[in-house]
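Let's take a friendly walk through this structure, looking at how chains meet and how charged side chains pair up. Keep the picture open beside you as you read.

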Amino acid sequence: MREYLIKRIIVSLFILWVIATLNFVIFQVISPISPEETFAPLSLEVSPEVRENLRELYGLNDDLHIRYLKYIRNMFTFDFGISFRSRRPIASEMAVRLPATVLLLGSAMVATIIVGTPLGILAASRRGSKLDIATIGSGLLTWGVPVFYIQLVGMLLFCFYFNRWFGFEFFPSRGLYSIPPPQNPLAFMGDVAWHMALPVLTLVVGGFGSWALYTRNVLLDALTQDYIVTARAKGLSERTVLYRHAFRSTLPPIVTIIALSIPGIITGAMITEFIFTLPGIGQWYLTGLNSGDYPVLQSVLFTYAILTIVCNLIADLLYGVLDPRIRVGMRR
Amino acid sequence: MALLDVENLRMYYEIMRGEVKAVDNVSFQVDTKESLGLAGESGCGKTSAALSILKLLPWNGKIVGGAIRLGGEDIVKMKDSEFRNKIRWKRISMIFQGAMNALHPTYTVGHQITEAILKHEVVSKREANERATKLIELVGMESERVKRYPHELSGGMKQRAVTAMALACNPDLVIADEPTTALDVIVQAQVLKVMKELKSRLDISMIVISHDLSLISEICDKSAIMYAGRIAEYGDVVHIYKEALHPYTEKLITAFPSVIGPKTELSSIPGFPPDLLRPPPGCRFHPRCPYAMEICCKKEPSLMEVESKDHFVACHLHGGEKK
Amino acid sequence: MASLFSRDKRIIWMRRIRNFWEEFSHTKIGLVGLGLLVLYILVAALSPWLTPYDPIAQPRLAQSFAMPEWVTVFPQFSNLTKTRRITLSWNVENDPLNLVTGGWGTSVGVQYKAGDLQPVLLVLHSKFSYAEIPPNEFFQQFAYQSTDTKDVEYSVTLNLVTPEGEIYQFWDEGGLTGDRGQWVTRDSKDPLFIAALFPNEPGKHLGKVFFTQKGEYTFVLELRFRPKSMDATAQLEISDSKLVILGHVHGILGADYFAKDIWAQVVYGAQLSLAIGFLAAIVGTSIGILVGVVSGYLGGIADEVSMRIVDILLCLPLLPLLLALVNLYGRNVYYIVLFIAIFGWQGLARVIRSQTLSIRETAYIETARASGAGGFYIMLRHIIPNIIPVAFASMVLAVPSAILFESALSFLGFGDPRVPTWGKMLQHAFQSGAFINLAWWWIIPPGIAIIGICMAFVFIGFAFDEIVNPRLRRRR
Ligand SMILES: Nc1ncnc2c1ncn2[C@@H]1O[C@H](COP(=O)(O)OP(=O)(O)O)[C@@H](O)[C@H]1O
Ligand SMILES: [Mg+2]
C-alpha cells in the first residue's frame, strides 16, 4: 500500500512536471505573441523605463532557461505569479472567481445526480418499459445536444420571451446577483439562487440523461450477475435486491465517475459562464485568452491537472473502500 | 404424499427467433429425506427446471404448463409475494451453479447468511450471527470465516459457504446445481463428503443437479436423466447406474469418470445436444443414438415403467406396456 | 502481403459486411440515424440547388432580422411585406433643349451644349405606387457620371414626392464642375441622411415618415446646368436607379442582423459540419488505433510511453486547451480539426490496447509469429481486422463529438472567421442582438441542425455498439 502510494505520487509529480513544461512551451516559448505585446494598452503611454520595470517584475528579462527553472519552482510551490491584466496575484484573482464556478457546477452536479440516479435505477428495474426507453433516449440525446444550445433556448424563452409576454424576466439573463445587490444577507442568497437557477437548470437538463443512462447500464450489469439470483432466491424483496444488492455493487463505479468529474468543475462551465455572464473561472480564462494574459491560462490548466490527479487518487482509494475485491491501484 | 411433485412441467424461454423449450413435459417426485439426482449434458434444461421450482426465471422465461406441488400445494399458481415470503429459502433453497459468483462481492459471508435468516425468522441479529457461525462450522470451515469477503475464500470454501447459506433457514428441500463443477478433483471430493455428511445428519430432501452420474450415484437415492428438455430415464439410482436402459444414460455413465472408484476410459458422447428451438422429431436423441431405429425418428417415446419397480425409461428399445 | 487482399479474404469480408448490414437493418434506431445522415449528405451535396444565395457574400436581402416568409400565414403577421426592388425608370417632365439623347428608362443619357448663357433645368421623374405597411428599412440608389464637361457648373437633386404632396430631399449636390462620377446610396438607417432631413430627430424612422401614405409616389430628379461660356458642354449619364424597400419577411428562414439569408447559412453548414466531423474523427481514430495497437502489441517502453501520454492528456481540460491552442496558432479551421483529433484519441487507444493484448495472446498470433511473420505483418493481418468493428463504432461516435467541439469553439468566438459553421451562426446570433429582437428564426435553426447531425451519428453509433458488443445486445 505505502509502496503503491509512493510510486503513484512519483508518477503524478512527473505528469505535473510534463504539464507545467507543456504550459511553458505553449505560452512562453512558441507563443507567436511575445509577452510584452500583452502590455499593448500600457506600452502606448508608458515610458520605456516603466516598461522595463514591468518586464523585470514579470521576470521576462531573464534567459529562457532561467525563466523555465524559476517557472517550474513557482508552479510547484503554487506561486502562479501576477496577472498581466489586473496586475494582482493569480491566487487571489482565482479565489475571487472560484465561488461562482463551484456554486454553479457543484449544484449542477448534485442536481444531476439527484435527478439522474433514481431515473437510472427505475429504468434498470423496469427494463424495456417506456420509462427505460425514455431514459435511453435522453441519454443518447445528451450525446448530440450541445448544452450551450439548451441554455440559449432557455434564455430566449425564460428571459426574453417572458419579458415580451409578461413584462418581466422569469430568470435573469446575466450576472451572479442583481445590481445593486440586496443588503440583507438572506435576500442576497435568494438573489444569487435566482440568478443561478437558469444556468444550473439548463446544465442539469443537458446532463441528467447521460447520468441516468450510465446508472442504468451499470445497474443492469449488476442485475445480471449471479449473486442477484441468489439474493432473489433467498426470498428478499425486489426492493432489497435492487438497493441492497444490485445498487450496492454499482457504487464503486458510480463513485469513481463522480470523483473523476470533479476536476471538470473548474472549466466545465466555461460556456455557461460566457452565456450568462457569470464571473467564474471560465469567464476569467476566456478574458485571459482574449487579452493574452498567459499567467491566468497556465494557472487554470495547471490547477485542473492537479485536481485531476488528486481526484484520481481519491477515486482509487474510494474504490478500494467500496469494493473489497479491489486493493488500491487495481482499478482499470 | 411426496414432498415435491413436479408434474408435466413445461418452461419455455422466449427469444427473438422463437421459443426455447428448455423444460418440456418433465415430471418427477422427491419424498421427504429423499434425494434426487438430475443428470444430463449441459444445455439440456437442468438449471431451467431447478429455477422453475424456485420461480426464479429470467425475464424471458415462462412456465407454460404443468404443476409443481410442494406438500400438495401448487406453487406455480401461488402469488409472488406469498411465494417469496413463505417458500423461498425457508422451504426450498438452492446452491447455485458456479458458486464463485453466487456470493455478493461486497458483503461478508456471515452477512449474507444472516440476511437470509433475518428475512424469514424472527430472531435477533445476535442469534442470527451465532447461527451463521454454526452453519459455517457445520460445513467444515473455521468459524472466523464468517467475517471474510467472498474473494478472500478459495473456490472450495466458497462452495461450502454457499452450502451453509442454503441451510440457513432449515429448508425442506435443497437444490444443488452442479455443486462440484468447476472445482478441482480434490476439492470436488471434499465437497462431496460435506454433502454426504449433511444428508445423513440433517433431515432434508435434496435435488442434486450434475452432468456427472457418478456423483449422483454417490449422494442420491433416485435419479432422473434429462435430455433436451425431457426426462429420458427415471428411477432408483442403483438401477440406473448399474442397469442403464436408455442409450443416452449409458453414454453419460461412460463419458464421465467416477470421482471415487476405479478410473474408466473417458469417452465423450459423439455429436451435440440438439437446438431446443427446433428439437429433432421423434426421439430427441435419435440423431446421436447408435441403436436408432426407423420408429425413433417418427414417434416420440413416452416414459414407461420397465420390469423392475419404479424404473422408467423413454426409449423404443424398451417399449413395455404403458405405466 | 499479397494474401492480405486475396480473393478469399475479400469474400470473407464481403460476407462479414453483408451480415453486419443484415443486423444493422434490423435496428430501428440505426436506420433512423442512417436516414438522417443521408439527409444531411444530400443537403451538403445539393447546397447550391437548395438556395440561390452564397452563405458569405450576399447583397442586402431584407431588413435585418427579417422574419421567415411563411409567418405571414399567421394573422398578426399577415401584412408583413417581402423585399421590393423598384427599378426607377426616368421619364422626362421638362426637357428644355431636348437634352435627353440616350434611351429612356433606368439609364438616361444627357447631352448638354450651351447655345447661350441661360441656365437650363432638366426635370425627370419616376413613379411607383406603394400601398403596404411602411417598411423598417429601405435604401435608394442611383449613379451619375459626367464626361466632356467644359465651362459648366451643374447640380443634381433628387426629391421624393409623397401621394399627399410632401416633398423630401434625398440628394442635392450643387456647384459641380469637371468630370466626375458618383454612386449615391441613401439608406433609411444612415444617420447623416436622417440628420439632413430631420436635424433635430436622430433615429427618426424614415420608413414610417415616407411610406405611411398609400398611393403613387414620385421621385423627381432635377439636373441644372449653368454655362460659364457659350460653348460649355457636358455629358451626364444617370444609371442604376433603384429603390429597395427591404421586406419584413424573407426567404425560408428569414434574415439575420446582417440581412443575410439564414437558410443559405444553415444549408451550407452541412458541408462544413460533415467535413469537420469526418476529418477529425478519421484522424483521431487513426491515431487511437495506431497508438493502441503499437503499445498493446509491442509492450515494453512503447507501451509505457504511450500510456503515460494518455495519462497526461487525461489531465488536461480539453476545451480550454483547444481554445488556447487555437488562439495561439490562429483561428484556422484546419488547425481546429487537427487539434480536436490530436486531443481526442486517449479513450480509444486504451480500449484498442487492451483488445490488442488479448488478441495477441490468442493462439493464431503465436502460430503466425512462429512461422516467421514480421510484427508489422501480424498487426496488419491479424490485429487490425479484429479491432476494426470497435474502432469503427468509436469513430462514428467521434464525429458528433468533433462537431460539438467545433461549434463550442465557434460559439465562444474562436472559430475560423472565414468558415460559417452553425456554431458561428449561434455566436453571431448571441452577439448581434438576436435575443433582444426575439429572432428565434436565427437562434433555433442552427441548433436544430447541429442536434440533427449529431443524433444521426449517435443513433448509428448506438446501433453499431449493440451489434459489436453482444453483451449489450442480450440486454434488450
Ligand atoms: N435466458 C435464456 N434465454 C434463452 N434461452 C436460454 C436462457 N437460459 C437458458 N437458455 C437455454 O435453455 C436451454 C437449457 O439451459 P439450462 O437450463 O441452463 O441447461 P443446463 O442447466 O442443463 O446446462 C439451453 O439450450 C440454453 O441455451
Ligand atoms: Mg446448468
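## Where chain A meets chain C

Chain A and chain C bury about 4400 Å² between them, and 79% of that area is on carbon and sulfur atoms. Please keep in mind that this is a predicted model. If the area sounds like an odd way to describe a meeting place, it helps to know that the size of an interface is often given as the accessible area lost when the parts come together.

How many residues of each chain are in contact? On the chain A side there are 46, and they touch 47 residues of chain C. Between these two chains there are five residue pairs in polar contact, both partners having pLDDT 80 or more, while the count of salt bridges is zero.

## Who contributes on the chain A side

Several helices of chain A give two or more residues to the side that touches chain C, among them helix 1 (2–29), helix 8 (185–223) and helix 14 (294–322). Which helix gives the most? That is helix 7 of chain A, with nine residues.

Sorted by class, this side of chain A has 35 nonpolar, six polar and five charged residues.

## Salt bridges in chain B

Side chains of opposite charge can pair when their charged atoms come close. Over all chains, the count comes to 37 salt bridges.

One of them joins the side chains of B:Glu121 and B:Arg131, at 2.5 Å from N to O. B:Glu121 lies in the loop between helix 3 (109–120) and helix 4 (125–138) of chain B, and B:Arg131 lies in helix 4 of chain B, so the pair ties together parts that are 10 residues apart in sequence. Is B:Glu121 buried or exposed? With a relative accessibility of 19%, B:Glu121 counts as buried, because the cut-off for buried is under 20%. B:Arg131, at 23%, is partly exposed.

Another salt bridge in chain B is formed by the side chains of B:Lys196 and B:Glu218, at 3.2 Å from N to O. This pair links distant parts of the chain: B:Lys196 is in helix 6 (residues 185–201) and B:Glu218 in helix 7 (residues 213–219), 22 residues apart. B:Lys196 is partly exposed at 36% relative accessible area, and B:Glu218 is partly exposed at 26%.

## A pair in chain C, and a network

In chain C, the side chains of C:Glu222 and C:Arg224 meet in a salt bridge of 2.8 Å, N to O. C:Glu222 counts as buried at 17% relative accessibility, whereas C:Arg224 counts as partly exposed at 29%.

Back in chain B, salt bridges that share partners join B:Glu142, B:Glu144, B:Arg145 and B:Arg148 into one network.

Note on methods. Residues numbered from 1 in each chain as written. Chains lettered and ligands numbered in written order. Predicted model: local features only at pLDDT ≥ 70, side-chain atom pairs only at ≥ 80, totals over all residues. Heavy atoms only, no water. Contact = heavy atoms within 4.5 Å. Buried area = accessible area lost by both parts, 1.4 Å probe. Salt bridge = Lys/Arg side-chain N within 4 Å of Asp/Glu carboxyl O. Polar contact = N/O pair within 3.5 Å; in protein donor to acceptor, adjacent residues only side chain to side chain. Helix = DSSP H or I, 4+ residues; strand = E, 2+ residues; numbered from the N terminus. Nonpolar A, V, L, I, M, F, W, Y, C, P; charged D, E, K, R; others polar. Buried < 20%, exposed > 50% of the residue type's maximum accessible area, 1.4 Å probe, protein only.
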